[in-house]
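Here is a short tour for anyone who would like to know a fold before planning work at the bench. Keep the viewer open and follow along.

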Amino acid sequence: MSLSAAMKTAQSSFSNVGLQSAVASKNIANASDTAYARRSAILATAATGASVVETQRAQNEALLKQNLLSISKSAGQDTLLSGLTRMKTMLGGEDYELAPSTYLAKLRDNLQTFADKPNEVSLAETVVADAIDVANSLNTTSQALQKLRAEADSDIATSVTELNRLLKEFKTYNDQVKQGTAAGTDVNDALDQRDKLLTQISSIVGVSTMKRTNNDLALYTSDGTVLFETTARTVTFAPTPTYTAAVTGNQVYIDGVAIQAGAGGNTSAQGSIAALLQIRDHAAPTFQKQLDEIARGVITMFSEGTDEGLFISNGLPALTDPGLSTVIRVNPDVISNEGGNPMLLRDGINTNYNVDNNASFSELLNGYASAFEAPMTFHPDAAIDTSATILAFGTSSVGWVEQLRSAATTAGDDKSALLGRTQEALLNVTAVSLDEELALLLDLEQSYKASAKLVAAVDEMIAALLQAAG
């Protein structure tokens, strides 16, 4: 080897070591950043020796797509579970002590006691108090449901705003990737940022990707709607500030196409928006219908002919109108602290059935107690038994909430575990290993020392030649 060739080899080695060290140092500096993909300096051998030709970014398209899908499914499931847990909380703890069915059972028991001793004013007061508990339970649960719907609506608005922002930012980095790829410049940092945005977008709405020329990406929702193609599609939503049982929320549109709500305890929702729509438009309204049917049932059971009796609808035009459970209350004519007489429950509130003022008169009370054991017809929209006693229907309502929540919990655990596995698999490919990078730096140090010794040897040879020539 000539001295000039030796110097060129040493120069090439120094250059390679410098570039490789810079890449390794960047990897180490970003080791804690989960959005950063490991870089590798790729060497190629030419006539003049080896040289770094590119900095390659670790990636796996199949694992990335699987990870995006897992994020979407897990986010949707977690959002639904949070809403269903709130619904369960409305009913109390594990014993459902705040559920209407709990108060109905207590009302039934004390009503039977009162029917056995119809001359006891204190028992009449107890039954009226139990009836107030039933009405209050229906009121507060219904109000809490509408609050849950309003909060879901607000969360949808927030998610839509965030999604539009992310899509706008996605365009910025996607353009950088396209332009850099076409020009042959390093686009690895832009790719990191673009993939990071993809994971954030996928937690809001299910997304699939299609790679095109120059690393350009097109994005589609899980049902095939274009989300981004050269430019971001507009996501629109008009929030509804106030919710009642009769209010229907607005749809979320992507470029004019409505996002579909999730379905089932193991929800089909991908991303938080579809799950929030499921809570707002399906889970909460179905539970509301169950509460309304319970309210209609107790009003009907305690009616005196065509007149409302112990329970009244408080001005709602029809018992079948939505929101009955929000307005139902106990007739003030039997509430002592409102100037009423609780013994009217025994004798008749609208008509005096106890015309002889008999202390042992219990005909009405026995009829009310018997009504608890008689099957009633309920609306199929309540999604539980259409023919059952009022107590069985109330218990089935609690069971419906718990069954849905339980299914959501199991599915949430499964989807969370799947997400953990896909993220781990992806990180195994893309994450930085400090051990590997430090080992590489040690190897590079040895290469640097070897090159330095080569330069020193050439220097000695040149010095010897110059001395000999002199």
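Is Phe170 buried or exposed? Phe170 has a relative accessible area of 0% and is therefore buried. Please keep in mind throughout that this is a predicted model.

**Aromatic pairs**

Phe170 has a ring partner, Phe228, and the two form an edge-to-face aromatic pair, 4.9 Å centre to centre with 80 degrees between the planes. Phe170 belongs to helix α4 and Phe228 to strand β5 (residues 226-229), so the pair links distant parts of the chain, 58 residues apart. Phe228 counts as buried too, at 0% relative accessibility.

Another pair is made by Phe302 and Phe311, whose ring centres are 5.5 Å apart. Their planes meet at 70 degrees; because planes over 60 degrees apart count as edge-to-face, this pair gets that label. Phe302 is buried at 0% relative accessibility, and Phe311 is likewise buried at 0%. Together with Tyr368 and Phe372, these two rings form one aromatic cluster. The model has 6 aromatic pairs by the rule used here.

**The nonpolar core**

Phe311 also turns up in the largest nonpolar core, a set of 101 residues. Along with Met87 and Ile390, Phe311 is among the residues with the most contacts inside that core. Helix α4 (residues 121-183) gives the most to this core, with 19 residues. If you select Phe311 and look around it, you will find that its contacts include Leu107, Ala131, Val134, Ala135 and Val298. Ile299, Phe302, Ile328, Arg329 and Val330 are touched by Phe311 as well, with residues up to four places away in sequence not counted.

**Two helices**

The table puts the spans of two helices side by side.

| Helix | Residues in helix | First to last C-alpha | Expected span |
|---|---|---|---|
| α4 | 63 residues | 92 Å | 93 Å |
| α5 | 15 residues | 21 Å | 21 Å |

For α4, the span is close to what is expected at 1.5 Å a residue, and the span of α5 is close to its expected value as well. Just after α4 comes Gly184, which takes a positive phi of about 80 degrees.

Helix α5 (residues 188-202) has a good number of buried residues, among them Leu191, Leu197, Leu198 and Ile201. Asn188, Asp192, Arg194 and Asp195 of α5 are also buried.

**The sheet and what packs on it**

Now turn to the sheet. In what order do the strands of the open sheet of 4 strands lie? The order is β3-β4-β5-β6, with antiparallel pairing. At the edges stand β3 (207-211) and β6 (231-232); each has a single partner strand, so one side of each is left without a neighbour in the sheet.

Helix α4 packs on this sheet, where it touches β4, β5 and β6, and its direction makes about 30 degrees with that of β5. Helix α5 lies across β3, β4 and β5 and runs at about 5 degrees to β4.

Strand β4 (residues 217-221) is joined to β3 by 5 bridges. Within this pairing, Thr209 stands opposite Leu219, while Ser208 stands opposite Tyr220. With β5, strand β4 pairs in the antiparallel sense over 2 bridges, and here Leu219 stands opposite Phe228, the residue whose ring pairs with Phe170.

Why is β4 described as largely enclosed by the rest of the structure? The reason is that 5 of the 5 residues of β4 are buried. Leu217, Leu219 and Thr221 cover one side, Ala218 and Tyr220 the other, and all are buried.

**Turns and positive phi values**

The hairpin of β3 and β4 has 5 residues between the strands. In its turn sits Asn214, with a phi near 60 degrees, a positive value in a residue other than glycine. Asn214 counts as partly exposed, because its relative accessibility is 33%. The hairpin of β4 and β5 has 4 residues between the strands, and there Gly224 takes a positive phi near 95 degrees.

Away from these hairpins, Asn357 is another residue other than glycine with a positive phi, near 50 degrees. Asn357 is in the loop between α8 (344-347) and α9 (363-371). With a relative accessibility of 59%, Asn357 counts as exposed.

Notes:
Residues are numbered from 1 along each chain as its sequence is written. This is a predicted model: local features need pLDDT of at least 70, side-chain atom pairs count only at pLDDT 80 or more; totals for chains, interfaces and linings use all residues. Side-chain values use heavy atoms; hydrogens and water are left out. A nonpolar core is a set of buried Ala, Val, Leu, Ile, Met, Phe, Trp, Tyr and Cys residues joined through side-chain atoms within 4.5 Å. Buried means under 20% relative accessible area, exposed over 50%, partly exposed in between (1.4 Å probe, protein chains only). Contact means heavy atoms within 4.5 Å. Rings of Phe, Tyr and Trp (its six-membered ring) pair if their centres lie within 6.5 Å; planes under 30 degrees apart count as stacked, over 60 as edge-to-face and the rest as tilted. The expected span of a helix is 1.5 Å times one less than its number of residues. Two strands pair if DSSP finds at least two bridges between them. Axes are lines fitted to C-alpha atoms, for helices over the stretch in contact, and angles run from 0 to 180 degrees between N-to-C directions.
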